[in-house]
Amino acid sequence: MADFAVLVSGNGSNFQAIAENLAGTRHNLKCMICDRKDAYAFQRAKNLGIKTYYVSYFKREREDAEKDICAIREKEGVQLVVLAGFMRLLTPYFVDRYKNRILNIHPALLPKYPGTHGIAESYASRDAELGVTIHYVDYGMDSGPIITQKSFKRDFTESLEEIEKKIHNIEHSCYPETILSVLDSIEKKQ
């Protein structure tokens, strides 16, 4: 068994998909950590009976906030950190402590379109395939080693909203599967 935590900043739809899809496995989602106290993710966690923590970044150095996250991770015995709409770059302080133990999902086929506008930028492109990337986190923005990608062919008649829906549907199935695989790998190494 391996324990994990999910870091979020907003709505929490990926968080909910992860929690629901991994609920029947031998691994434990120990907690959700959020950096916005008004985020809807807190309601999702409450509905699912998952412990939550709020860590403020307001008027703080990133590393100071990350020390709080590290303390939570230690307290909860978490072996894997999963980012699901967590809208902050992590510092070397954090990344170095959990090297190859931090996952992120990006709504585009990296290395194309990193950053916060991945869906819009890939939609505006003439790329025939769009999709999602799951990767390990390093110091850069969406630049860590790629674990998996899942794509679909577009027909160029879809609206941005239709593309967003397809991307989110892929995220909600692909991310839990990949997390489970990584957790299984961590368990084998213990």
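**Group meeting talk: a seven-strand sheet and its helices**

Hi everyone, let me start with one residue: T178 counts as buried, at 10% relative accessibility, because the cut-off for buried is under 20%. Before going on, please keep in mind that this is a predicted model.

So where does T178 sit? You will find T178 in helix α6, which covers residues 160-189. Leaving out neighbours within four places in sequence, T178 is in contact with I134, I147 and T148. T178 has company, too: the buried residues of α6 include I163, I167, I170, C174, I179, V182, L183 and I186. As a reminder, an α-helix has 3.6 residues a turn, so residues three or four places apart point the same way. As for the dimensions of α6, the helix has 30 residues and spans 42 Å from its first C-alpha to its last, close to the 44 Å expected at 1.5 Å a residue.

Now to the sheet. Seven strands form an open sheet with mixed pairing, in the order β3-β2-β1-β4-β5-β6-β7. At the edges are β3 (52-54) and β7 (146-153), each of which pairs on one side only. On average, neighbouring strands here are turned by 20° against each other, direction ignored.

Let's look at β1, residues 3-8. Six of its six residues are buried, so β1 is largely enclosed by the rest of the structure. Which residues cover which face? D3, A5 and L7 lie on one side, F4, V6 and V8 lie on the other, and all of them are buried. That fits the textbook picture, in which side chains of a regular strand alternate between the two faces of the sheet.

What are the partners of β1? Strand β2, residues 28-34, pairs with β1 in the parallel sense over six bridges, and V8 has C34 as its bridge partner in β2. Strand β4, residues 80-83, also runs parallel to β1, joined by four bridges; here F4 is matched with L80. Together with helix α1 (residues 13-22), β1 and β2 make a right-handed β-α-β unit. Helix α3, residues 62-76, lies across β1, β2, β3 and β4, and runs at about 160° to β2.

For the antiparallel part, take β5 (residues 102-106) and β6 (residues 129-136), which pair over four bridges. The bridge partner of N104 in β6 is H135.

Last topic, the charges. How many salt bridges does a search of the whole structure find? The number is 10. One of them joins E187 and R26, with the closest N and O atoms 2.7 Å apart. E187 lies in α6 and R26 in the loop between α1 and β2, so this pair ties together parts that are 161 residues apart in sequence. R26 is partly exposed, with a relative accessible area of 47%, and R26, D184 and E187 are linked in a network of salt bridges.

Another pair is K153 with E129, where the closest N and O atoms are 3.6 Å apart. This one links distant parts of the chain, K153 in β7 and E129 in β6, 24 residues apart. K153 counts as exposed at 63% relative accessibility, while E129 is partly exposed at 35%.

Finally, E74 and R73 form a salt bridge at 2.6 Å between the closest N and O atoms. Of these two, E74 is exposed at 54%, whereas R73 is buried at 16%.

Thanks for listening!

Technical notes: Residues numbered from 1 in each chain as written. Predicted model: local features only at pLDDT ≥ 70, side-chain atom pairs only at ≥ 80, totals over all residues. Heavy atoms only, no water. Buried < 20%, exposed > 50% of the residue type's maximum accessible area, 1.4 Å probe, protein only. Helix = DSSP H or I, 4+ residues; strand = E, 2+ residues; numbered from the N terminus. Pairing = 2+ DSSP bridges. Right-handed = clockwise from strand over helix to strand, strands pointing away. Contact = heavy atoms within 4.5 Å. Axes fitted to C-alpha atoms, helices over the stretch in contact; angles between N-to-C directions. Expected span 1.5 Å × (residues − 1). Salt bridge = Lys/Arg side-chain N within 4 Å of Asp/Glu carboxyl O.
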